[in-house]
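Me: Please take a close look at how the domains meet in this model. Keep it brisk, and give the cut-off for each term. Add a little on packing elsewhere if there is room.

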Amino acid sequence: MAKILTGIQSTGTPHLGNILGAIIPAIKMANQSHEESYLFIANMHSLTQIKNKEILKNNTFTTAAAWLAFDLDPNKSCFYRQSDIPEVTELAWYLSCFFPYQRLKLAHSFKDKSENLKDVNSGLFSYPMLMSADILIYDANIVPVGKDQLQHLEMTRDVAARFNNLMGDTFIIPEAKIQGNSNYVTGTDGQKMSKSKNNIIDIFLDDKSLKKQIMKIQTKSLSVDEEKDPDDCNVFKLYKLIGEEENIKNLASRYRKGGIGYGESKEILYNEILNKFAKNREKFFKLMDDKEIVERLLTDGATKARVQAQKVLKRVRASIGY
Ligand code: ADP
Ligand code: TRP
């Protein structure tokens, strides 16, 4: 039986890449599992980048509302905020005493972030130890993540094995599960969609702002009549991820024949997003209007999650002799 666990950082409202690449697949796996799953908001990881109380709080709500808008079932999964589980930071400390500094220095995500961010704090450096604690503290077996998180999962397995070797069997060694289509969702500039790159599509914006984002998608400058390669177009690449099979084929053939301009294809993509995510958007807006519901769900989820966290932490303390 597999215990599924995954988290998503609350560094902004989840974008289309996060939704297709992480949220939808994780919810699907959690709903199919017979065991309780753990889906959470990594709001302590976000503190490495955000130092504003209101923004931190608001991001936590938008991230929670996005999970719920895609039908996360809080009765099937423990759904909680990382900061409500203080046990996890205690475990992160223990783990960091079992993991070589030189290995942490090799983390790609730290290298990337330390090159791009102004605030290179030591939390950013020890990020993988908090992430390992997030996973190991619930005895999770399967962790659905995008491929950018694979190295963190390797570190989690490594630190758990090192601890087990030195202190006796304590942790379950988890496995990463890369989501189906492991290609990244492309952003408006054709690169990987990412909150830090100003290239996202936020499906939870109001209609007008959403349209503006879609109109920003970079394209070639071929005229309406020219024949176009659909697979070489950022608009089509996005449409392909969400459109119906038949419609994708039709649009591809219109590209190849010529006669469709980028303005029209953007309009088609915009309407498909409105149509496909209509229910999710409605649910999201409703939840953001009633944050008390979200707050209650998260608090209840944390109460459930803490029971398990305390159990595992007790085991760890016993292994160390505390
Ligand atoms: P971002 O790069 O926007 O900061 P995160 O690092 O917070 O995103 O990623 C949260 C989750 O969403 C991870 O599991 C990650 O693999 C997934 N994800 C992020 N961007 C994309 C993308 N463009 N396409 C597919 N999945 C993505
Ligand atoms: N690092 C992950 C991300 O950026 C978020 C995360 C924190 C996570 N703790 C986790 C993911 C535990 C899976 C399991 O997306």
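Reply: Here is the domain interface, followed by a short note on packing. The model is predicted: local features need pLDDT of at least 70, side-chain atom pairs count only at pLDDT 80 or more, and totals for chains, interfaces and linings use all residues. Residues are numbered from 1 along each chain as its sequence is written, chains are lettered from A and ligands numbered from 1 in the order written, and side-chain values use heavy atoms, without hydrogens or water.

Start with the bounds. Domain 1 takes in 3-185 + 291-320, and domain 2 covers 204-276. These bounds come from an automatic or database domain assignment. Over C-alpha atoms, the two centres lie 35 Å apart. Domain 1 brings nine residues to the contact and domain 2 brings four residues. Contact here means heavy atoms within 4.5 Å.

Now the area. About 480 Å² is buried between domain 1 and domain 2. That is accessible area (1.4 Å probe) lost when the two parts are put together, summed over both. Carbon and sulfur atoms supply 94% of the buried area. In domain 1, the residues that lose the most area to domain 2 are Leu16, Leu20 and Val185. Together they make up 58% of what that side buries.

Polar terms come next. The rule finds zero salt bridges across this interface; it asks for a side-chain nitrogen of Lys or Arg within 4 Å of a carboxyl oxygen of Asp or Glu. Zero residue pairs, both at pLDDT 80 or more, are in polar contact across the interface. Such a contact is a pair of N or O atoms within 3.5 Å; within protein, one must be able to donate a hydrogen and the other to accept it, and residues adjacent in sequence count only through side-chain atoms on both sides.

Which helices carry the domain 1 side? Helix H1 (16-32) and helix H2 (53-69) each supply at least two residues that touch domain 2. H1 gives the most, with three residues. Helices (H or I, at least four residues) and strands (E, at least two) are DSSP runs, numbered from the N terminus.

Last, packing at one strand residue. Ser37 sits in strand S2 (residues 37-42). Its relative accessibility is 0%, so Ser37 counts as buried. Buried means under 20% relative accessible area, exposed over 50%, partly exposed in between (1.4 Å probe, protein chains only). Beyond its neighbours within four places in sequence, Ser37 touches Ile4, Ala30, Lys76, Ser77 and Cys78.
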